[in-house]
Every structure is written in C-alpha cells, then in structure tokens.
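Please read the following walk through the model with the coordinates open beside the text. The path goes from individual helices to a core, and from there to a sheet.

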Amino acid sequence: MKRNTIVLFVVLFILAIFGWAGWANWKYRQQAAERRLALSAKGELVPDAAGDTLQYNSPLINKPAPDFTLEDLHGNKVSLSSYKGKAVLINFWATWCAPCKIETPWIIALRNKYSSQGFEVLGISADDLDLNDKQKLSEEKQQIAQTAQQMHIPYPVLLNADSISKPYGGLDDLPTSFYISRNGTVVAAQVGITSEDEIEGNIRKALESKN
Amino acid sequence: MLNLQSTWRGTFAAAALMLAATAASAQFPFNSSQDHAAAKNNAVQYLYPEQVTVPAGKPSAVEMHFRVAHGLHINSHTPKDSYLIPTVLSVPASSGVRLDNATYPPGTDFTLPLDPNTKLSVYTGEFTIFTRIVAQRGNHLVQAQLRYQACDNNACMPPKTITVPIDVIGK
C-alpha cells in the first residue's frame with residue numbers, strides 16, 4: 001500500500017513536470033510568434049531620392065490591413081472591418097505628442113473635404129492606460145477625451161493602441177499613419193509629421209486604389 | 001613642386017569631403033535607419049557619477065550628469081504646456097537614500113520646423129540635475145529613475161523611464 005502511494009506520487013510528479021514543460025514550451029512559442037509578427041510588420045526609415053530625409057517603408061504596404069476591434073471614447077466597440085468600402089486613415093497619436101498636434105488640424109480639414117467621397121479617419125490614442133486601476137483608467141480616458149475635444153476632432157477616437165501595436169509594426173514613433181483602400185489594403189504609411197500635401201496625396205491614393 | 005601641388009590637392013579634397021559630410025549631417029541628424037533606431041533606444045544616457053561618498057544622515061549635494069542623443073530632445077522639467085511629459089528624477093523609497101531636493105536646469109527654447117510659432121522647453125545634449133540626497137550609513141546601490149519623453153523634429157517616442165545606477169556610500 002505504502003509502495004503504491006509512493007509510485008502514485010512519483011507518477012503524478014512526472015506528469016506535473018511534463019505538463020509544466022508543455023505549458024512553458026507553448027508560452028515560449030506564443031511569445032516567439034508575437035515577436036515574429038511584430039518584426040514582420042516593423043517598417044524602417046530609408047533615405048528619400050534627394051537623400052535629405054528618411055521615408056517610412058512599411059512591410060504592410062499592399063497587404064491587408066490587420067483588423068482590430070477597439071473601444072472608442074464612449075465605450076462603443078469599433079472594428080476596422082466595419083469600414084470596408086471606405087478609404088480609411090488610421091492615425092496613431094497621443095496627448096503628449098507635440099507633432100501630432102500640428103498634423104491633427106490638417107487631418108480634420110482633409111477628412112471634412114473627402115468624407116463625401118467615402119473617406120474616414122480613425123484616430124487611435126497611444127496613451128498608456130492603467131487597465132487594472134479603474135480610477136486611473138477613468139482619468140486617463142477623460143484626459144484623452146478632453147484633448148480630442150480641445151482639438152475639435154470629429155472622427156472616432158479609439159483607445160489602447162498598445163493592444164494592436166505589434167501587427168502595426170511596434171508604433172515606436174508618433175504620429176504614425178496607415179492609409180487603407182476601400183478593399184482594406186494598406187496603400188501608404190507615414191511615420192512622423194510630413195506635410196498636409198503629402199497626407200492629402202495619400203488620402204487620394206487610398207480613395208483611388210483598386211487594390 | 002609637383003609633390004607640393006598634389007599635397008595641396010589632397011588636402012583640398014579631404015577638406016571638401018569633410019565639409020560635405022558636415023553639411024549632410026546638418027541636413028538630417030541621422031545617417032541611416034540604424035542610427036535613428038539606436039538613438040531612439042538610447043535617447044538619454046546617464047553619464048556620472050557612478051559612486052559618491054557622503055556624510056551619513058546629512059543632506060549632501062550630488063550633481064547627476066546626463067546626455068540626450070544627437071538629433072533628439074526631451075521635455076525639460078517644466079514644459080510650457082501641461083500636456084507635455086516633464087523630465088523627472090526619482091529615488092526608490094527603500095534604497096537607503098532619500099532624494100531631499102532636485103534642482104533641474106532651465107529648458108532651452110525649441111521650435112519644431114513645421115510649427116515655428118510654438119516654443120517648447122527642452123533639454124538637448126548634456127544636462128545636469130543638482131540633487132540633495134540624505135543617505136543612511138552604509139553602502140547603497142541606488143537604482144534611481146529618470147522619466148522622460150523624447151522627440152526628434154518630426155516624431156515623438158513614448159515616455160520612458162531609465163535606471164540611473166549610483167553607488168552611494170554613507171559614512
């Protein structure tokens with residue numbers, strides 16, 4: 001009886017070790033897959049033809065835009081896929097980002113100019129959110145809403161860019177923008193502030209693209 | 001004579017090359033994507049001191065020196081707008097060392113090329129935070145922290161907190 005108990009414990013111990021090893025292996029593979037995903041979507045800055053500025057070269061160009069569902073400032077769930085048929089500018093920004101504040105009025109003006117042609121902007125805030133602290137989370141959301149209101153942003157402002165940063169290349173710099181065609185293909189990407197003309201050119205590209 | 005001419009030609013060519021390189025680097029602060037990524041990952045570097053000896057239990061002045069990577073700037077401790085994230089030094093409560101006071105340098109006025117009307121208060125290059133610390137008796141490996149938010153002329157990086165290791169000996 002005593003011997004059987006010992007054998008049972010040894011077998012259970014070995015099974016537990018196998019179980020733990022399997023879980024650790026699964027976790028490792030999952031993390032490696034996430035790293036691969038982030039790296040595969042990570043763009044790089046390359047010198048332009050004149051050699052005086054660096055242009056953002058994203059591997060997402062000509063590929064389907066990674067879908068997402070995020071909460072907006074009013075608590076509604078918003079999915080990129082629900083905008084199929086429209087050209088979309090995904091603009092990652094943050095309340096603490098000075099260059100974002102320069103380009104936002106341009107984006108608003110261009111959104112108003114092209115919305116009748118089937119163009120929409122999704123502004124995604126990259127501000128940190130304390131998801132485990134209700135009080136702080138509420139204050140952070142309020143801060144984002146206040147900034148959006150001060151800038152008179154008329155388009156949906158979504159929260160928690162961090163949760164989709166990997167498929168969009170890491171979002172190491174802000175502002176970062178992706179221009180999506182009516183069929184959901186990324187046709188252009190920008191990191192950092194450029195010019196209103198360049199933004200408009202990319203919006204037209206997204207509206208006219210057959211991809 | 002011929003040798004002299006060739007030496008002059010060589011010197012002139014080298015000077016022209018240096019001038020061109022300087023002009024190119026002035027045009028854009030980073031020569032490649034790798035330079036840019038490296039600067040971003042290491043926007044602020046703690047320089048010194050690595051170790052200080054101070055009288056135990058008494059407020060003591062320690063100057064902490066930092067460097068902001070070339071081509072980048074960080075908000076000063078007192079940015080001009082409330083939405084900007086200030087540079088702040090902190091010392092963990094349980095480290096055996098208390099940060100009694102920190103005096104930050106004034107920021108330098110800075111304007112983004114695309115918004116010349118808005119002035120920002122920033123640190124670039126090297127800057128020093130003048131601190132007054134109180135250390136308990138003994139050897140304390142303090143992991144102080146510097147929180148900052150860095151940008152270049154076109155884009156900003158998320159706020160970051162770096163560890164500032166300093167060995168404080170309280171005697």
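Helix H4 (residues 196-208) of chain A has 13 residues, which at 1.5 Å a residue should span 18 Å, and its end C-alpha atoms are indeed 18 Å apart; the expected span is taken as 1.5 Å times one less than the number of residues. Helices here are DSSP runs of H or I with at least four residues, strands are runs of E with at least two, and both are numbered from the N terminus. The model is a predicted one, in which local features need pLDDT of at least 70 and side-chain atom pairs count only at pLDDT 80 or more, while totals for chains, interfaces and linings use all residues. Residues are numbered from 1 along each chain as its sequence is written, and chains are lettered from A and ligands numbered from 1 in the order in which they are written.

Within H4(A), the residues Ile199(A), Asn202(A), Ile203(A) and Ala206(A) are buried, where buried means that 20 or more other C-beta atoms lie within 10 Å of a residue's own, exposed means 12 or fewer, partly exposed is in between, and C-beta atoms are placed from the backbone. These buried residues cover an arc of only 105° around the axis, and therefore sit on the same side of H4(A), the arc being that of the directions from the helix axis to the C-beta atoms. An α-helix has 3.6 residues a turn, so residues three or four places apart point the same way. On the other side of H4(A), Asp197(A) and Glu208(A) are exposed. The cover over the buried residues of H4(A) includes E5, helix H2 (98-114), strand E6 (119-125), strand E8 (176-180) and strand E9 (186-191) of chain A, a contact being a pair of residues whose C-beta atoms, placed from the backbone, lie within 7 Å.

Helix H3 (residues 134-150) of chain A can be read in a similar manner. Its buried residues are Ile144(A), Thr147(A) and Ala148(A), and because they fall within an arc of 100° when seen down the axis of H3(A), they line one face of the helix. The face turned away from that buried side carries exposed residues, including Lys134(A), Ser138(A), Glu139(A) and Gln142(A). Among the elements that cover the buried residues of H3(A) are E6 and strand E7 (157-158) of chain A, and just after H3(A), His152(A) takes a positive phi of about 55°.

Which residues have the most contacts inside the largest nonpolar core? That core has 67 residues, and the ones in question are Leu174(A), Phe178(A) and Ile180(A); a nonpolar core is a set of buried Ala, Val, Leu, Ile, Met, Phe, Trp, Tyr and Cys residues joined through C-beta atoms within 7 Å. Strand E5 (residues 87-93) of chain A gives the most to this core, with six residues.

Chain B has two helices and 12 strands. In this chain an open sheet of four strands has the order E7-E8-E4-E11, with antiparallel pairing, two strands being paired if DSSP finds at least two bridges between them. Strand E7 (108-112) and strand E11 (150-151) of chain B stand at the edges with a single partner strand each, so one side of each is left without a neighbour in the sheet. Strand E4 (residues 73-75) of chain B pairs with E11(B) over two bridges, and Ala150(B) is the bridge partner of Ile74(B).

Methods: Two residues are in contact if their C-beta atoms, placed from the backbone, lie within 7 Å.
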